[in-house]
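Ready to practise reading a protein model? Keep the viewer open and take the exercises one step at a time.

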Amino acid sequence: MTTSWHTLILIVLCGLVTLIVRVIPFLMISRIQLSETVIKWLSFIPITLFTALILDGIIVQQDGVQGYTLNIPFIIATIPTIFIALITRSLTITILVGIALIAGIRFFF
């Protein structure tokens with residue numbers, strides 16, 4: 001497989017744009033003193049994003065079908081993953097267990 005210079009430059013530029021978009025907000029926020037209310041509000045963002053991602057995987061709308069269906073393999077992988085999250089309180093371990101469970105379920109079923 002060969003990669004043209006245009007493709008390589010495009011990949012590097014996309015990486016730079018992604019880095020800039022992620023780093024600049026942190027640099028700007030680090031120089032501002034945030035109030036306790038804002039800090040408390042920001043602390044809820046990770047759990048809300050995580051919940052949105054989980055619900056997006058559990059409740060699915062299929063093409064050509066009206067309404068929503070449940071993604072049973074995803075639910076089967078989610079239940080033990082939630083228990084692991086509660087026991088370990090580690091985001092890394094939780095994500096690794098969840099990925100392993102869904103990979104195993106998709107491999108065998």
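Here are three short exercises on this predicted model, each with a worked solution.

**Exercise 1. Work out how many helices and strands the protein chain has, and in what order they run.**

Step 1: Count the elements; the protein chain has 5 helices and 2 strands.
Step 2: Start at the N terminus and read along, which gives α-α-α-β-β-α-α.

**Exercise 2. Decide whether Ile9 is buried, partly exposed or exposed, and find the surface patch it belongs to.**

Step 1: Locate Ile9, which sits in helix α1, residues 5-30.
Step 2: Take its relative accessible area, 47%.
Step 3: Buried means under 20% and exposed means over 50%, with partly exposed in between. Ile9 is therefore partly exposed.
Step 4: Look for its patch: Ile9 helps to make a nonpolar surface patch of about 1,200 Å², together with residues including Trp5, Val12, Leu16 and Met28.

**Exercise 3. Describe the overall build of the protein chain, then compare two stretches from its UniProt entry.**

Step 1: The radius of gyration is 20 Å, while a compact globule of 109 residues would have one near 13 Å.
Step 2: Of the 109 residues, 9% count as buried.
Step 3: Split the chain into domain 1 (1-32) and domain 2 (35-108); their C-alpha centres lie 28 Å apart.
Step 4: The unreviewed UniProt entry lists "transmembrane region" for several stretches, among them 6-29 and 72-105.
Step 5: Residues 6-29 are 100% helix, with end C-alpha atoms 35 Å apart. Residues 72-105 are 94% helix, with end C-alpha atoms 10 Å apart.

Definitions and conventions. Residues numbered from 1 in each chain as written. Predicted model: local features only at pLDDT ≥ 70, side-chain atom pairs only at ≥ 80, totals over all residues. Heavy atoms only, no water. Patch = residues over 30% accessible without salt bridge, like charges linked within 9 Å, V, L, I, M, F, W, Y side chains within 5 Å. Areas by Shrake-Rupley, 256 points an atom, 1.4 Å probe, with all protein chains shown as cover. Salt bridge = Lys/Arg side-chain N within 4 Å of Asp/Glu carboxyl O. Helix = DSSP H or I, 4+ residues; strand = E, 2+ residues; numbered from the N terminus. Buried < 20%, exposed > 50% of the residue type's maximum accessible area, 1.4 Å probe, protein only. Domains from an automatic or database assignment. UniProt positions renumbered as here; feature names shortened; annotations may be inferred. Rg over C-alpha atoms; globule rule 2.2 N^0.38 Å.
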